[in-house]
There are 2 protein chains.
Amino acid sequence: MLTVLSVDRAREEIISSLRGWSAKVENVSLKNAPGRVTSGDIFAPETLPPFPRSTMDGFAVCSADTFGASEELPAILSLRGNILMGQKPPGPIFPGEAMSIPTGGMLPVGSDSVAMIEYCELLGNNVAVFRPVAPLENTIQPGDDFKSGDLLFPAGHYLRPQDIGILAAQGIMQLSVIARPQVKIFSTGDEIVPPERQPEPGQVRDVNSYLLASQVQESGGEPVYGGIIPDRQESLSSALEQALEDDVDMVLVSGGSSVGTRDVAIDAINALPGEGVLFHGVAMRPGKPLLYGKSKGKPIFGLSGNPVSAMFGFILFVKPALRLMCGLSPLAPFTPTVEALLLTNIASPGGREDYVRVSLEYACEDKKVKEKGEILWARPVYGGPGLLHTVVQGDGYIVIPRDVEGLDEGSRVKVFLF
Amino acid sequence: MLTVLSVDRAREEIISSLRGWSAKVENVSLKNAPGRVTSGDIFAPETLPPFPRSTMDGFAVCSADTFGASEELPAILSLRGNILMGQKPPGPIFPGEAMSIPTGGMLPVGSDSVAMIEYCELLGNNVAVFRPVAPLENTIQPGDDFKSGDLLFPAGHYLRPQDIGILAAQGIMQLSVIARPQVKIFSTGDEIVPPERQPEPGQVRDVNSYLLASQVQESGGEPVYGGIIPDRQESLSSALEQALEDDVDMVLVSGGSSVGTRDVAIDAINALPGEGVLFHGVAMRPGKPLLYGKSKGKPIFGLSGNPVSAMFGFILFVKPALRLMCGLSPLAPFTPTVEALLLTNIASPGGREDYVRVSLEYACEDKKVKEKGEILWARPVYGGPGLLHTVVQGDGYIVIPRDVEGLDEGSRVKVFLF
């Protein structure tokens with residue numbers, strides 16, 4: 001219980017404790033589906049395109065008629081009519097015939113390709129084609145995009161704009177998605193007052209409820225403000241019990257950075273029915289006092305009262321849990337980062353993962369290494385975990401592993417963007 | 001008018017045509033502020049922290065009293081009382097005295113530092129301190145985070161969770177942000193039917209309205225569905241006129257991939273009061289037939305009818321314009337990308353920028369280069385601009401410059417994630 005876990009180990013424990021989570025589902029209209037996650041496999045009801053289409057303005061032809069055509073000796077075809085956008089062709093064509101067709105138009109029966117208008121000339125009721133056309137050239141054929149029955153998206157797919165596009169193309173106007181997990185957020189501490197109130201000496205405003213709610217929202221959850229709870233076990237216990245009875249999927253409690261108040265949170269979670277506290281303490285900076293437990297199958301996180309530690313606790317532990325509860329894989333498959341060079345040496349205590357906030361700049365006058373081209377520099381933003389300006393001025397963070405005691409100026413670093 | 005611009009040049013033209021755009025502003029509550037953009041500079045009304053705070057559990061002391069303290073010869077201080085969370089200290093301390101203090105507690109007058117509880121022992125009414133404490137040690141002082149009058153955020157700042165946190169800390173419960181630009185979206189084409197309708201032969205469903213609306217939303221704008229317009233100048237002109245009279249900030253028209261319909265869009269935009277068409281045609285693949293104009297100061301984009309071309313037209317041209325209208329810098333300061341190795345050769349026609357869709361994979365059996373560790377591979381997804389599966393199966397895209405005719409297998413590439 002009192003061993004301090006590594007960041008990876010702690011994250012694995014959280015993820016494995018939530019395997020088999022059964023998410024709620026809901027129906028949404030296509031217009032409200034962007035950014036949601038599919039709750040089941042979605043198969044193509046239709047074949048797309050449903051008919052052969054032209055990808056060029058020109059003439060629908062039988063390709064065999066054009067073989068050997070040249071500037072000197074064009075293929076002369078007889079014009080059978082004009083195909084209009086959005087309409088069936090006026091009839092089939094037979095060898096020796098052509099029909100004019102616009103980009104996107106439907107090919108007539110008997111035609112297997114389109115001669116581009118640039119290589120054709122209209123001569124009365126005939127069309128001269130000056131270049132040979134290969135079978136299927138300048139067309140897309142039924143099923144080239146999707147065939148009826150194809151898997152469009154597996155369950156757990158995050159719907160991007162192009163995915164909304166294909167759903168529209170398939171006429172899927174309603175779909176079932178994972179309901180956004182409801183996350184109840186409490187701040188604890190006798191010194192905390194709601195931000196709309198003017199604090200008395202010794203009091204500070206509730207930052208974490210707003211910071212965490214904003215992170216929950218960004219990660220696909222729905223924040224539910226639980227308010228401020230005094231640092232007493234019975235207050236916290238009854239607040240947690242109430243939250244778990246409500247339709248809430250996860251609880252975040254921030255506060256309790258001092259030894260006594262941490263014990264209050266541990267006792268309160270252990271007093272609930274169910275698994276209780278699964279671990280506390282992670283070898284990282286900032287954010288060491290992470291606490292994780294479960295009751296009635298629902299995850300409960302105890303985050304630091306320090307806003308910066310709470311924020312990193314969210315990024316590293318709550319977000320993967322929330323992704324999993326949203327139906328996604330807990331860790332994003334491809335984490336977007338930027339590469340930068342370190343502007344100064346960084347010392348790190350070692351023994352725990354160090355999350356160093358940095359600001360990024362392209363051209364800085366005091367950089368010592370002069371290099372050609374645009375180079376991105378990372379400048380550490382120093383300050384303790386209680387100081388918000390380190391994350392407000394920061395553009396992201398770099399990770400210094402447990403067994404590394406610092407990084408040299410000029411080192412190439414991977415910056416995780418905020 | 002008929003010159004084909006490079007991607008960069010076209011983007012510059014768009015951006016410079018919108019410099020000085022005067023955005024609408026609105027007030028939002030702090031809870032609704034995440035993801036919004038500040039409309040003016042925001043200064044700190046208060047100094048934070050407002051009083052000196054302890055960052056540790058321990059005893060507030062006068063640091064000078066502890067100089068030279070050791071395990072053998074501790075400093076013995078007289079305990080003057082206990083500081084409670086959220087309350088003023090019960091009084092000041094004088095040299096030779098100490099007060100117990102929790103993490104986050106308010107330091108008493110006369111104390112300049114905190115001795116950690118781990119290095120102290122309570123002996124009746126005295127406290128033995130076994131290690132010297134430096135002035136300010138284990139404290140944060142008023143203004144360490146922000147001083148009253150500090151610039152918190154300049155105008156045009158995108159509000160992240162930590163920024164919401166600092167606004168809460170400052171008690172700023174309402175703020176003025178840039179209103180989301182209203183973007184009216186039209187699809188043109190006689191072959192287009194609403195997605196809820198079953199298409200007849202020759203007809204296809206409207207994909208682009210839904211795809212583009214989803215992109216608008218993702219980029220901070222508010223989509224307004226304008227519906228489907230027939231391919232005739234008078235229909236398009238009157239729809240555009242109506243849109244510009246409404247409270248709309250930008251218009252997107254997709255369709256008109258054939259020569260005739262492109263001319264319809266050009267004529268319709270030129271018939272409106274104001275600047276008319278500023279350019280059309282961009283040297284890129286997919287997405288060549290981009291059309292840009294303005295009327296009454298409002299930007300109008302003509303995008304390809306091909307969904308993939310329309311999507312890239314949005315990413316490369318509409319999004320920067322929308323960012324600018326949202327009060328942000330048009331191009332994201334740090335573009336998050338992932339690095340990957342190319343799994344196959346790619347040929348590119350040259351003469352225009354080529355946006356090649358790729359899917360990403362970590363471990364692929366048919367990779368020819370075996371390397372240790374996790375390497376990300378990019379696999380091109382082939383298919384014309386009319387085929388949505390290239391972007392649905394793709395995880396992102398790579399850019400092949402105009403003067404490069406292809407890339408070799410194994411090349412290191414930068415992948416822009418969808």
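Which residues are buried in helix 3 of chain A? They are N208(A), S209(A), Y210(A), L211(A), L212(A), A213(A), S214(A), Q215(A) and V216(A). Welcome to this structure, which is a predicted model; that helix is a good place to start a tour.

**Helix 3 of chain A**

Nine of the 11 residues in helix 3 of chain A are buried, so the helix is largely enclosed by the rest of the structure. What lies over those buried residues? The cover includes strand 13 (182–188), strand 16 (222–229), strand 17 (250–254) and helix 6 of chain A, and helix 2 (161–169) of chain B also takes part. After helix 3 of chain A comes G220(A), which has a positive phi, near 95 degrees.

**A strand with little cover**

Strand 1 of chain A, residues 25–29, makes a useful contrast: it is hardly covered, and the count of buried residues among its five residues is zero. Strand 1 of chain A does have a pairing partner, strand 12 (residues 174–178) of chain A, and the two run antiparallel over five bridges. One of the residues to look for is N27(A), whose bridge partner in strand 12 of chain A is S176(A).

**Domains of chain A**

The domain assignment divides chain A as follows.

| Domain of chain A | Residues |
|---|---|
| Domain 1 | 7–24 + 180–325 |
| Domain 2 | 27–48 + 144–178 |
| Domain 3 | 53–135 |
| Domain 4 | 337–417 |

Taken over C-alpha atoms, the centres of domain 2 and domain 4 of chain A are separated by 41 Å.

**Where the chains meet**

Now look at the contact between the two chains. Chain A brings 71 residues to the contact, and chain B brings 71 residues. On the side of chain A that touches chain B, the elements giving two or more residues are helix 2 (161–169), strand 15 (204–205), helix 3 (208–218), helix 6 (307–325), strand 22 (337–342) and helix 7 (389–392) of chain A. Helix 2 of chain A gives the most, with eight residues. By type, the residues on this side of chain A are 36 nonpolar, 21 polar and 14 charged.

How are the two copies placed relative to each other? A turn of 180 degrees with a shift of 0.0 Å along the axis lays chain A on chain B with an RMSD of 0.1 Å. The two copies are thus related as by a two-fold rotation axis. In chain A, the C-alpha nearest the axis belongs to P336(A), at 2.5 Å from it. The interface fits this picture: 100% of the interface residues of chain A are also interface residues in chain B, so the copies meet through the same surface.

**A sheet in chain B**

Chain B offers a sheet to explore. Its six strands form an open sheet in the order 16-13-17-21-20-18, with mixed pairing. At the edges are strand 16 (222–229) and strand 18 (276–280) of chain B, each pairing on one side only. From one strand to the next, the twist averages 20 degrees.

Within the sheet, strand 13 (residues 182–188) and strand 17 (residues 250–254) of chain B pair in the parallel sense over five bridges. There, F186(B) has V253(B) in strand 17 of chain B as its bridge partner.

Two helices pack on this sheet. Helix 1 (residues 7–18) of chain B touches strand 18, strand 20 (291–295) and strand 21 (298–303) of chain B, and its direction makes about 155 degrees with that of strand 18 of chain B. Helix 3 (residues 208–218) of chain B touches strand 13, strand 16 and strand 17 of chain B, and its direction makes about 160 degrees with that of strand 13 of chain B.

How values were computed:
Residues are numbered from 1 along each chain as its sequence is written. Chains are lettered from A and ligands numbered from 1 in the order in which they are written. This is a predicted model: local features need pLDDT of at least 70, side-chain atom pairs count only at pLDDT 80 or more; totals for chains, interfaces and linings use all residues. Two residues are in contact if their C-beta atoms, placed from the backbone, lie within 7 Å. Helices (H or I, at least four residues) and strands (E, at least two) are DSSP runs, numbered from the N terminus. Ala, Val, Leu, Ile, Met, Phe, Trp, Tyr, Cys and Pro count as nonpolar, Asp, Glu, Lys and Arg as charged, and the others, Gly among them, as polar. Domain bounds come from an automatic or database domain assignment. A residue is buried if 20 or more other C-beta atoms lie within 10 Å of its own, exposed if 12 or fewer, and partly exposed in between; C-beta atoms are placed from the backbone. Copies are superposed by least squares on the C-alpha atoms of residues with pLDDT of at least 70 in both. Two strands pair if DSSP finds at least two bridges between them. Axes are lines fitted to C-alpha atoms, for helices over the stretch in contact, and angles run from 0 to 180 degrees between N-to-C directions.
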